[in-house]
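I opened this model to look up a handful of local features and to write down what I found. The entries follow in the order I made them.

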Amino acid sequence: MKQLINNSPGEVSPIRPPGRPLLRQSWGKLLFMHWPIAVERLRPLIPPPIQIDAFEGSAWIAIVPFTMWDTRPLFLPPVPGLRAIHELNVRTYVHVDGVPGVWFFSLDCNSAAAVLGARTLYYLPYHNAQIELRQDEESIDYSLVRTSRPDARFSASWSIGENLATSEPGSVEYFLTERYCLYSNHRGKLYRARIFHPPWPLRRAELKNFSATMVEALGLPSPQGKPLLHYAEKLDVDLWGLKRI
């Protein structure tokens, strides 16, 4: 059976997992905003035995605004209200038993149905939010106000740049974007869900303005310096169900 093959913590070969996915989605209009952060800053927020992944000695924290289209449980017909929704997540990168993945600190979404579904199926810390995305050719404006506690907001505008080469294993781009599972914790039990997609079709991006309290809402200090930016127009994704580990 095909499975994910680890090269080292932080790198994994994109081979489709066995079995049938639970969900199929398209992600796009997506901006990766990454900042380096000390591992010890994140450690109190992530339960053991999860290990924080580092690239060249530094952990990373990300704010990722995007849009999802055509979310569809594969065992059901298309669900009304899940066709096109906006989401923003705050995340870092981790590994368990050498298997690298994503740890979500928060996820905000403008679909109550999606929030309920993700909390139920994946035990993820979703929040309801009011979100708007406006695009004018190669420029995107994105704004968010969370409608639950703790309060958080996000506002940014960016311009979309040229296409980048496919990320290579060992590069910071590969470390930050090519992740093929997520981890979650529920009532003291740890879970993993597999993800499969083609390599990210990354493009350059440039911020025109940015203001947010998404990281601060976690009790962390404001990110310092300019973020490392990557944009992706669209990517098709399959998600498997949770398995306890």
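**Cysteines**

I began with C181, which is buried, its relative accessible area being 0%. The model is a predicted one. I then looked up C109, and it also counts as buried because its relative accessibility is 0%. How many disulfides are there? My search for sulfur pairs within 2.5 Å returned zero disulfides.

**Cores**

Next I went to the nonpolar cores. The largest has 38 residues. I noted the members with the most contacts inside this core: L42, I61, I63, F154 and M214. There is also a second, separate core of 37 residues, and L22, A118, A193 and A232 are among its members.

I picked I63 for a contact list, leaving out neighbours within four places in sequence. I63 is in contact with L31, F32, M33 and W35, with L88, N89 and V90, and with F154, F210, M214 and V215. Two of these partners, F154 and M214, are also named among the core residues with the most contacts.

**Aromatic rings**

I searched the whole structure for aromatic pairs and found ten. The one I wrote down in full is W27 with W200, a stacked pair with 6.2 Å centre to centre and 25° between the planes. W27 belongs to strand β3, whereas W200 is in the loop between β12 (189–196) and β13 (202–212), so the pair ties together parts 173 residues apart in sequence. Both W27 and W200 are buried.

I also recorded one aromatic cluster, formed by W35, Y142, F154, W158 and F210. W35, F154 and F210 had already come up as contacts of I63.

One charge over a ring went into the notes as well. R179 lies over the face of F175, and I have the distance from the ring centre as 4.6 Å.

**Backbone**

I turned to the peptide bonds. The bond from P48 to P49 is cis, with omega near 10°. P49 sits in the loop between α1 (39–42) and β4 (51–52). The bond from R149 to P150 is cis too, with omega near -5°. I placed P150 in the loop between β9 (139–146) and β10 (153–163).

Then I checked for positive phi in residues other than glycine. K29 has phi near 50°, and this residue is in strand β3 (residues 23–37). D97 has a positive phi of about 55° and is found in the loop between β6 (84–96) and β7 (99–109).

Which of the two is buried and which is exposed? K29 counts as buried because its relative accessibility is 16%, and the cut-off for buried is under 20%. D97 is exposed, with a relative accessible area of 74%.

**H230**

My last entry is on H230, which lies in strand β14 (residues 228–244). Is H230 buried or exposed? At 2% relative accessibility, I have to count H230 as buried. What is H230 in contact with, neighbours within four places in sequence left aside? I listed L30, L31, F32, L164, E173, L202 and R203. Of these, L31 and F32 appear in the contact list of I63 as well.

Terms used. Residues numbered from 1 in each chain as written. Predicted model: local features only at pLDDT ≥ 70, side-chain atom pairs only at ≥ 80, totals over all residues. Heavy atoms only, no water. Helix = DSSP H or I, 4+ residues; strand = E, 2+ residues; numbered from the N terminus. Buried < 20%, exposed > 50% of the residue type's maximum accessible area, 1.4 Å probe, protein only. Contact = heavy atoms within 4.5 Å. Core = buried A, V, L, I, M, F, W, Y, C linked by side-chain atoms within 4.5 Å. Phe/Tyr/Trp six-rings, centres within 6.5 Å; stacked < 30°, edge-to-face > 60°. Lys NZ or Arg CZ within 6 Å of the ring centre and 35° of its normal.
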